[in-house]
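Work through the following exercises with the sequence and the structure open beside you. Each task is followed by a solution that goes step by step.

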Amino acid sequence: MHKIKVWDNYTRLYHLSQLCLLALLWYSADNAYFELHFVCGFILAGLWISRIVWGFMGSETSRFNHFVRSPITVIQAWRNNRISQPHIGHNPVGGYMVIALLITLMVQIISGLFATDDVFAEGPLYGFASEKVATYMDSLHSSNFDVLLGLIAVHALAGVFHVMRGDNVIASIVTGYKKSSDFNHNLQPQLKSVLTPLFIWFSSAGALYYFAIEFSSY
């Protein structure tokens, strides 16, 4: 069976790394391993930055202009039952889920910079905020994580739904490939090397961690 590669290696790594980092952040917060929590947070922040950059200059299926459609297009696709059909990349609804996850991750990362547990740990920018702002950010950091978990659960359930309909999107994220017979023509999307986003990821994570240490010393 002929297959086509629809996801580049960075995108596959992004999904796996995001899940692992969120699991570590959850575990470290629950067990008060705050140094691990902060390190994972900065790695996640670097990953988020690399994904945003990759959304503009990355592989064809990773670019925002490839999968973010107007609300009218999404409604029409839903009415015409095109949502459940195989897509090269994200379908129109999945595109909005990607944006929702990125926005929620951004809120989680930013709020964590100001958050504190009032006992053991403080975010690197905690000292620059008023007590009222810091309290709000701490509350937001906690509640927004629940929103993030909810979005991930919905995203996973949607993936299971597509598998049941014959479009194994979960396997395609793991392997990077989809069956060419799922599409009307043998289209090979343009995919790019993993090296550029990896460099953006680790350099931005390292820079954020360095400046966070500098800010926290004031």
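A pocket, as the word is used here, is an open set of grid points with protein on both sides within 12 Å along at least five of seven lines, and its volume is the space filled by probe spheres set on the points. The model is predicted.

**Exercise 1.** Describe the overall make-up of the protein and say what percentage of its residues count as buried.

Solution. Begin with the secondary structure, which consists of eight helices and two strands. Then follow these elements along the sequence, where their order reads β-α-α-α-α-α-α-α-β-α. For burial, the cut-off is a relative accessible area under 20%, and 39% of the 218 residues of the protein count as buried.

**Exercise 2.** Describe the second largest pocket by its volume, its central residues and the helices that line it.

Solution. The volume comes to about 870 Å³. The lining is made by 35 residues, and those closest to the centre of this pocket are His37, Gln108, Gly112, Ala115 and His141. Next, assign the lining to elements: α1, α2 (34-57), α5, α6 and α8 (195-216) each give two or more residues to it. Of these contributions, the largest share belongs to α2, with nine residues. Finally, sort the lining of the second largest pocket by class, which yields 24 nonpolar, seven polar and four charged residues.

**Exercise 3.** Carry out the same analysis for the largest pocket, and state which element gives the largest share of its lining.

Solution. The space in the largest pocket is about 1000 Å³. Its lining has 39 residues, and His15, His155, Gly159, Val169 and Ile173 are the ones that lie nearest the centre. The elements with two or more residues in this lining are α1 (9-30), α5 (92-114), α6 (131-164) and α7 (169-175). Helix α6 provides the largest share, namely nine residues. By class, the lining of the largest pocket comprises 21 nonpolar, 14 polar and four charged residues.

**Exercise 4.** Locate the nonpolar surface patch made by Val160, Val163, Met164, Ile170 and Val174, and explain why Val160 and Val174 fall into separate accessibility classes.

Solution. The patch covers about 470 Å². Helices α6 and α7 each supply at least two of its residues, and α6 gives the most, with three. Now take one residue from each helix, beginning with Val160, which is found in α6. Val160 has a relative accessibility of 41% and therefore counts as partly exposed, since that class lies between 20% and 50%. Val174, by contrast, sits in helix α7, and it is exposed because its relative accessible area is 56%, where the cut-off is over 50%. As a last step, look at how two members of the patch are placed: Val160 and Ile170 are ten residues apart along the chain, and their C-alpha atoms are separated by 7.7 Å.

**Exercise 5.** Examine Ala32 and Ile99, giving for each its place in the structure and its accessibility class.

Solution. Ala32 lies in the loop between α1 and α2. Although Ala32 is not a glycine, its phi is positive, at about 60°. Its relative accessibility is 39%, so Ala32 counts as partly exposed. Turning to Ile99, this residue is placed in helix α5. Ile99 is also partly exposed, because its relative accessible area is 26%, a value to be set against the cut-off of under 20% for buried residues. To finish, compare sequence and space for Ile99 and Val68, which are 31 residues apart in sequence, while the distance from C-alpha to C-alpha is 8.3 Å.

How values were computed
Residues are numbered from 1 along each chain as its sequence is written. This is a predicted model: local features need pLDDT of at least 70, side-chain atom pairs count only at pLDDT 80 or more; totals for chains, interfaces and linings use all residues. Side-chain values use heavy atoms; hydrogens and water are left out. On a 1 Å grid over the protein atoms alone, a cavity is a set of points where a 1.4 Å probe fits but cannot get out, and a pocket is an open set with protein on both sides within 12 Å along at least five of seven lines; lining residues have an atom within 4 Å of a point. Helices (H or I, at least four residues) and strands (E, at least two) are DSSP runs, numbered from the N terminus. Ala, Val, Leu, Ile, Met, Phe, Trp, Tyr, Cys and Pro count as nonpolar, Asp, Glu, Lys and Arg as charged, and the others, Gly among them, as polar. Patches are made of residues with over 30% relative accessible area and no salt bridge: like charges are joined within 9 Å, nonpolar side chains (Val, Leu, Ile, Met, Phe, Trp, Tyr) within 5 Å. Accessible areas come from the Shrake-Rupley method with a 1.4 Å probe; for residues, only the protein chains shown count as cover. A salt bridge is a side-chain nitrogen of Lys or Arg within 4 Å of a carboxyl oxygen of Asp or Glu. Buried means under 20% relative accessible area, exposed over 50%, partly exposed in between (1.4 Å probe, protein chains only).
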